[in-house]
Amino acid sequence: MEHYERYYKLIGDNIAFYRKKKHLTQEGLALKANVSRTHISHIEAEHVHKVPSLDILFRICEILSIEPYQLFIEPERCR
């Protein structure tokens, strides 16, 4: 899993960025995505590699009004 560590961090950072841009708390996003706040927290945390299923990832993207590929774009390119 260490090989993909930068991708997990990138996904988590981007979810946090777009979540805040929509003025959502972790709790608010979790409620809309039908997951626990802890699950969102783990996805966004730098050193906790909680891998979301594609279904959850797609739900999060829909809630945040973004396309899934945007979670893999380096911050300076998407902001």
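Helix 2 passes helix 3 in a right-handed crossing, where right-handed denotes that the near helix is turned clockwise from the far one by less than a right angle, and left-handed that it is turned anticlockwise. The contact (heavy atoms within 4.5 Å) involves Gln-26, Glu-27, Leu-29 and Ala-30 on helix 2 and Arg-37, Ile-40, Ser-41 and Glu-44 on helix 3. Three of these residues are nonpolar, two are polar and three are charged; Ala, Val, Leu, Ile, Met, Phe, Trp, Tyr, Cys and Pro are classed as nonpolar, Asp, Glu, Lys and Arg as charged, and the others, Gly among them, as polar.

The model is predicted: local features require pLDDT of at least 70, side-chain atom pairs count only at pLDDT 80 or more, and totals for chains, interfaces and linings use all residues. Residues are numbered from 1 along each chain as its sequence is written, and side-chain values use heavy atoms, with hydrogens and water left out. Helices (H or I, at least four residues) are DSSP runs numbered from the N terminus.

Helix 2 spans residues 26-33 and helix 3 residues 37-44; they pack at an angle of about 115°, with their axes 8 Å apart. Axes are lines fitted to C-alpha atoms over the stretch in contact, and angles run from 0 to 180 degrees between N-to-C directions. The two helices are therefore roughly perpendicular to each other, a description applied to angles of 65 to 115 degrees.

Within helix 2, Gln-26, Gly-28, Leu-29, Ala-30 and Ala-33 are buried, that is, under 20% relative accessible area with a 1.4 Å probe and protein chains only. The cover over these buried residues includes helix 1 (5-21), helix 3 and helix 4. Helix 2 is followed by Asn-34, which has a positive phi near 60°.

On the side of helix 3, Arg-37 is in contact with Gln-26, Glu-27 and Ala-30, leaving aside neighbours within four places in sequence. The side chains of Arg-37 and Gln-26 are joined by a polar contact of 3.2 Å (a pair of N or O atoms within 3.5 Å, one able to donate a hydrogen and the other to accept it; residues adjacent in sequence count only if both atoms are side-chain atoms). Arg-37 is partly exposed, with a relative accessible area of 36%, the partly exposed class lying between buried and exposed, the latter being over 50%.

Elsewhere, Gln-70 occupies the loop between helix 4 (54-64) and helix 5 (75-78). Gln-70 is buried, at a relative accessible area of 18%, and its side chain reaches the backbone nitrogen of Glu-67 at 2.7 Å.

Definitions and conventions. Parallel < 35°, antiparallel > 145°, perpendicular 65-115°, else oblique.
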